[in-house]
Amino acid sequence: MTLLSLLLLGSFLLEGAEKLEIEKFALRQFEDGPALAPSHEFLPGETIYWSFRVRGYHVNKSENDVGDPESRMKLSWAVRATDPQGVLLEKERSGRVEARLFDQDKDWTPRAADSFVVPPFAPNGIYRATVTVKDDTAEATAVLEFKVRGDKIEPSDTLIGRDVRFLRNENDARALRNPTYQAGDTLWVRFDITGYKFGEKNKYDVEYGLAILRANGETMFTQPVAAKETSESFYPQHFVPGVLSLGLNPDLPKGWYTMVITMRDKIGDQTWEAREKFQVQ
């Protein structure tokens, strides 16, 4: 199945009713912008605009108060956006279209448009936008697939810190292959926390700290709780970026040291520890 491919999953029609169809279902980068090509990749935190038209809707014919013929239509729609695991990105969007029709409206097709947001920490993968339309006699569904170039943090069933890396500066993109510092430098460490449990409203609550050991295993510095991270959201945030910094004393002796990183998941009552060596020259 190609990206941004439109799959008509079928219509459920009553005998004698017109065939309800969803057409021109498209995703866009901005409102009323051009429909995006199948190769487009969205990013975490990006707003995605969508629109579609409906053909073959049922027309209700009646008479008004003075006996003149009158035609009206009404339908409802709902759009769901889900991640690769089928989890909703946000609450389902829904709406209605009602209109009185005249002879010149024979080729008119109602249009619906809105938007949804890719969560800030959305994982990498293929997502789906599903639209369902109903009128008095039928129902139709269409699915649009799209790709998000998101984070590739490997999930875990238990608390863990992924990709622990030493950095020269806070915002460096590359980790130090051989973490070596000078006395007086600031040491930076980044990692990604995942595998914690969620509470109500997808709340997470984690904290982490550090300790520095000399080569003989003696503790020379400790900070059990260096940072706390907690939040809640409609879409579950599956990882939390962590960062630690430590100013090395100007008179710190040369040699090898060990940083002990400890984490605690307060909701899931889990702990995790990592030991990483670095050198002072």
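What is the volume of the largest cavity? About 40 Å³ is the value computed for the largest cavity, and since the structure in your viewer is a predicted model, this tour treats every feature as part of a prediction.

**Stop 1: the cavity**

Begin with the whole structure in view, where a search finds one cavity of 30 Å³ or more. To find the place, select Val-79, Arg-80, Ala-81, Glu-90, Lys-91, Glu-92, Arg-93 and Phe-116, which line the largest cavity. If you then colour these residues by class, you should see three nonpolar, no polar and five charged residues in the lining. Now add strand β6, residues 69-82, to the selection, for this strand gives the most to the lining of the largest cavity, with three residues.

**Stop 2: the largest pocket**

Next, move to the largest pocket, which holds about 430 Å³ of space. Its lining is made of 22 residues, and a good way in is to select Pro-123, Ile-153, Pro-155, Thr-194 and His-238, the ones that lie nearest its centre. When the whole lining of the largest pocket is divided by class, there are 11 nonpolar, six polar and five charged residues.

**Stop 3: the second largest pocket**

From there, turn to the second largest pocket, in which about 270 Å³ of space lies. Select Tyr-57, Val-59, Leu-101, Asp-105 and Lys-106, which lie nearest the centre of this pocket, out of the 15 residues that line it. The lining of the second largest pocket has five nonpolar, three polar and seven charged residues.

**Stop 4: a sheet of five strands**

Switch to a cartoon view and look for an open sheet of five strands with mixed pairing, whose order is β12-β18-β17-β14-β15. Which strands are at the edges of this sheet? They are β12 (180-181) and β15 (219-231), each of which pairs on one side only.

Start from the β12 edge, where two bridges join β12 to strand β18, residues 270-280, and the two strands run parallel. Select Tyr-181 together with Val-280 in β18, and you will have two residues that stand opposite each other.

Continue to strand β17, residues 255-265, which pairs with β18 in the antiparallel sense over 11 bridges. One pair to pick out here is Ile-261 and Ala-274, the latter being the bridge partner in β18. While you are at this hairpin of β17 and β18, follow the chain through the four residues between the strands and select Asp-269, which takes a positive phi near 55°.

Finish the sheet at its other edge, where strand β14, residues 204-213, pairs with β15 in the antiparallel sense over nine bridges. Select Glu-207 here, and you will find Lys-228 opposite in β15.

**Stop 5: Glu-63**

For the last stop, select Glu-63, which has its place in strand β5, residues 60-63. Is this residue buried or exposed? Glu-63 counts as exposed because its relative accessibility is 59%, and the cut-off for exposed is over 50%. If you leave aside the neighbours within four places in sequence, Glu-63 is in contact with Asp-68, Pro-69 and Glu-70. Finally, draw a distance from the C-alpha atom of Glu-63 to that of Ile-126, which is 63 residues away along the chain, and the viewer should show a separation of 49 Å.

Key. Residues numbered from 1 in each chain as written. Predicted model: local features only at pLDDT ≥ 70, side-chain atom pairs only at ≥ 80, totals over all residues. Heavy atoms only, no water. 1 Å grid on protein atoms, 1.4 Å probe; cavity = no way out; pocket = protein on both sides within 12 Å on 5 of 7 lines; lining within 4 Å. Points joined across faces, edges and corners; volume = space filled by probe spheres on them. Nonpolar A, V, L, I, M, F, W, Y, C, P; charged D, E, K, R; others polar. Pairing = 2+ DSSP bridges. Buried < 20%, exposed > 50% of the residue type's maximum accessible area, 1.4 Å probe, protein only. Contact = heavy atoms within 4.5 Å.
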